[in-house]
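Subject: Structure handover

Hello,

Here is the structure you asked about, with the sequence alongside. My notes come after it.

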Amino acid sequence: MTKKIVILFILIHQVVFCQHKENDTLNSPKKVGLVLSGGGAKGFAHIGVLKAIEEAGLQIDYIGGTSMGAAVGALYASGYTAHQVDSIIMAIDFEKMLTDKIDRKYNSFFDKKNNEKYLLTLPIKGFKLGLPIALSKGQNTYNTLSELCHHVDHITNFSELPIPFFCIATNIETGKQVEINSGSLALAVRSSASLPTLLNPSQLDSITVIDGGISNNFPIDLMRTKGVDYVIGVDVQGNLKKQQNLDSALKVIDQIINFQLYGNEYAELDKIDVYLHPKVTDFSIVDFNKKRAIIDAGYKAAKAQLNQLKELARQQNKKPISALKIKPNPKEYTINNYTISGAKNYTRRYIRGKLDFKKNQKINLKKFNQNINYATTSNNFSSIFYNFKENDSIVDLDIKLTENPESRFLKLGIHYDPLYNLSGLVNYTHKHLLLRNDILSVDLAFGDNTRYGINYFIDNGHFLGYGIYSRFNQFETIIKSNNFIGVNQINFEYEDFTNYLYTQGNFQNMYAISVGVEHKHIRSFTNNFASVKDDTRTFFDDSHYLSVLGKIEADTYDKKSFPNQGVLINATWRTFLSSTDFGDNFSPFSQLRVLMEGRWTLSDRLSFFAQGDGALSITHRELDNFNYSLGGYGNNFINNFIPFYGYSFSELEANSFLKTTGSLRYRFYKKNYIDFVANYALIADDVLEFLEHKPFFTNANSGYAIGLSSDTFLGPFDLRYAWSPENKFSSIYFSAGFWF
């Protein structure tokens, strides 16, 4: 009897204990995990879902995501509200960010002068031509994420974020998924969103990874291992497409990503408690200009299940929490120490010069991100990652570089203009050929007038650089002879062989000062008649010249062709010291030329261009071979040949001149323009003395032109009619392609 009572007591105790345990479980807060799939621009729908989740009062306890799902999820996990994420996404220019489009002002002076004339650039890999691995290096993407996630830079374990977080990338060698749950949050998202062909693969520790959507675009299985009770899954991908609809590389990649989700009979969907599938099938993964519509589609899908979300919120039994107040970080930091790793072919001095920072300097995060653009535009680095190890207002800066594996390039171009006629351009570029930081660029222009240019430059960023430049330039044209020996015009051939040794310093890639020593060999002649020295032609000059020169330059144009704003300044002082003296009349002389021009936008379609150009010679003799010659049309005249509408090539000549130009340009359809140009010039052997006695515009030569232009991927196309009222001259000019 006693034994039965004991057994009954034990059974009653177990029942009561189990009831208490069940009640505790029912009353304990429910953990909710949120999984956001990848899908490119379609992933903006996640933001709309987050808005509805907040309206339901539901608190997320864990977030996992892939690609764009990782990006949205990381921002939310770092403490931003859904509405803040909405504002952030709407403010980002995704085309600029994802294509690494960077303002021209960050281009080095070397690149501005030498690298904006090519149609195509191909890397040379071994002895073969290659293709770029992706449209973008992804540096702009990383910079943007780094700024947005700076407030959690000190957190390297993602489980310690305001909301624990993980994301997925794909090992490029094995194709297997890589779970990222620690390290730099910005780098983690950049790695997860490395969509093939769009962004370069990312280096994550010792592993190279690409977009997580390739291996696990919807990581429901991983979320189930995080100790959550409920899983909400937001799937922004679409069903598998038919073959006839797979008409682009990005659509094929999208299809591959969909294989592992929709090609597996929706296996993962059975593990989801709340499944949301916004209707975004009509959008593509690159519809970044349709952000608002995609966000609204996500909100609509979640709103339809608002009651279920509210029920989850009720079961959570949690008190509402206040949102973090995250603001842009304008704080200035003093750099205490810095480390630079990953640079083998570029010196620390070069990198500091490019990034424009030094020890004990004060700098804020936004400014540092902008400085990274100076190094990005050099194309010397595949990636530049950094970390501010912050201690109040003091930081230790850790910079990790990945050098571009390609150091040799083949570049191609083509151009036509009235002086040089049709020319093709082949360029060979070799970086760190002899020394670290150096670059060799060799141009060969072939066609009616063969030319070449060789430029070797040791680039030290914003520190002093050194260079050697050599060129050969030639052209043949018809010029007026002013009834020289009884003919009105003659055939004129001109050859210039120049070698220039110089040193150059630049400030913020917009201003440069250089000094150097220059050697020139100039040959000019006509085949119309013979001379005593040559029975086939008459030489005007065949001399070698040695000179010293200094330059002050500025270039703030936003574009090389058809700029909307900016200024260009080029002031050159050159003193000729000696010559082989073909004409037996050389004595040292100096010349100063100053060119200043700018363009200002008056409206969305209308802009104004103004130019002042002038030069004077300091000499006691006639300068037939170094007179300034005005006339003709072109953008790349060499030496003292100056373009001037309304007069034929080299028609106006003297040892000094003063020229002004004004132009109104109107954009009438996309990238097509019409403009009107007026130019005036006073040309005399002593312009300053001339101006003391006679007003400029009363005595100046004048010319006008009206042009029709188009900005194409092949370069500018330009058709214009020019005339001058005082000499009854008129002509039609046409040019095509980038000038070189």
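Below is what was found, covering a pocket, a glutamine and the cysteines.

Please keep in mind that this is a predicted model.

Pocket. The second largest pocket has a volume of about 1100 Å³. Five elements each give two or more residues to its lining: the helices α4 (82-91), α5 (94-98), α7 (139-148) and α14 (365-376), and the strand β15 (381-391). In total, 36 residues line this pocket. Those that lie nearest its centre are N143, T144, E147, K366 and N369. By type, the lining of the second largest pocket splits into 13 nonpolar, 13 polar and 10 charged residues.

Glutamine. Q316 belongs to helix α12, which covers residues 306-316. Is Q316 buried or exposed? Its relative accessibility is 1%, and buried means under 20%, so Q316 counts as buried. Which residues is Q316 in contact with, once its neighbours within four places in sequence are left aside? They are P29, K30, V32, G57, L58, Q59 and D61.

Cysteines. If you plan to look for disulfides, the structure holds zero of them. Two cysteines can be described by their accessibility. C149 has a relative accessibility of 1% and therefore counts as buried. C167 is buried as well, with a relative accessible area of 0%.

That is the full set of notes for now.

Regards

Definitions and conventions. Residues numbered from 1 in each chain as written. Predicted model: local features only at pLDDT ≥ 70, side-chain atom pairs only at ≥ 80, totals over all residues. Heavy atoms only, no water. Helix = DSSP H or I, 4+ residues; strand = E, 2+ residues; numbered from the N terminus. Buried < 20%, exposed > 50% of the residue type's maximum accessible area, 1.4 Å probe, protein only. Contact = heavy atoms within 4.5 Å. 1 Å grid on protein atoms, 1.4 Å probe; cavity = no way out; pocket = protein on both sides within 12 Å on 5 of 7 lines; lining within 4 Å. Points joined across faces, edges and corners; volume = space filled by probe spheres on them. Nonpolar A, V, L, I, M, F, W, Y, C, P; charged D, E, K, R; others polar. Disulfide = S-S within 2.5 Å.
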